[in-house]
Amino acid sequence: MTMTRLSAATSILSAVAAGVLLVGCSATVEVGRSEPKMSADKLATTVAEKLAATTGQPTPDITCPEDLVGKAGTTTRCTLTADDGSTLGVTVTVSSVEGDQINFDIKADDTASPAPN
């Protein structure tokens with residue numbers, strides 16, 4: 001059972017690390033006073049759905065620590081956590097903003113961090 005869980009987690013992380021070097025994405029968000037923002041929760045959901053669609057794997061567990069400001073060049077780091085606790089960093093970079101739509105690229109780190117003991 002542990003081997004199956006580890007293999008599944010490893011395959012998800014491997015697929016993301018190898019297959020999702022750069023993925024474009026966009027989402028429409030609420031427009032605030034100056035620049036549009038996407039909430040951290042909405043960003044995590046959008047990134048997870050895009051990674052799943054790109055890799056053909058189940059939707060991964062993604063967390064993002066902060067809202068994404070809709071300004072070209074803005075970056076934030078999210079974390080993909082596998083079932084075994086290992087993690088993979090994911091960088092989200094705003095490529096452009098069109099009205100209330102934030103377009104961004106997703107780049108997964110090349111290597112995962114092992115699960116804490």
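**Exercise 1: Salt bridges**

Find how many salt bridges this predicted model holds, and say which residues form the pair.

*Solution.*
Step 1. Start with the idea behind the search: side chains of opposite charge can pair when their charged atoms come close.
Step 2. Set the cut-off: a side-chain nitrogen of Lys or Arg has to lie within 4 Å of a carboxyl oxygen of Asp or Glu.
Step 3. Apply the rule, and the count comes to one salt bridge. The partners are Arg77 and Asp109, whose closest N and O atoms are 2.8 Å apart.
Step 4. Place the partners on the chain. Arg77 belongs to strand E5, while Asp109 sits in the segment after strand E7 (101–108), so the pair links distant parts of the chain, 32 residues apart.

**Exercise 2: Buried or exposed?**

Decide how Arg77 and Asp109 should be classed by their relative accessible area.

*Solution.*
Step 1. Recall the limits: buried is under 20%, exposed is over 50%, and partly exposed lies in between.
Step 2. Arg77 has a value of 41%, so Arg77 is partly exposed.
Step 3. Asp109 has a value of 24%, so Asp109 is partly exposed too.
Step 4. Now look at the whole chain: of its 117 residues, 36% count as buried.

**Exercise 3: Checking a helix**

Test whether the span of helix H2 (residues 40–55) agrees with 1.5 Å a residue.

*Solution.*
Step 1. Take the number of residues in H2, which is 16.
Step 2. The rule multiplies 1.5 Å by one less than the number of residues, which gives an expected span of 22 Å for H2.
Step 3. Compare this with the model: the end C-alpha atoms of H2 are 22 Å apart, which agrees.
Step 4. Look at the side chains next. Buried residues of H2 include Leu43, Val47 and Leu51. As a reminder, residues three or four places apart in an α-helix point the same way, because there are 3.6 residues a turn.
Step 5. See what comes after the helix: H2 is followed by Gly56, with a positive phi near 75°.

**Exercise 4: A glycine in a loop**

Describe where Gly73 lies and what surrounds it.

*Solution.*
Step 1. Gly73 is in the loop between strand E4 (68–69) and strand E5 (75–81).
Step 2. Gly73 has a relative accessible area of 49%, so it is partly exposed.
Step 3. Setting aside neighbours within four places in sequence, Gly73 is in contact with Thr93 and Val94.

Definitions and conventions:
Residues numbered from 1 in each chain as written. Predicted model: local features only at pLDDT ≥ 70, side-chain atom pairs only at ≥ 80, totals over all residues. Heavy atoms only, no water. Buried < 20%, exposed > 50% of the residue type's maximum accessible area, 1.4 Å probe, protein only. Helix = DSSP H or I, 4+ residues; strand = E, 2+ residues; numbered from the N terminus. Contact = heavy atoms within 4.5 Å.
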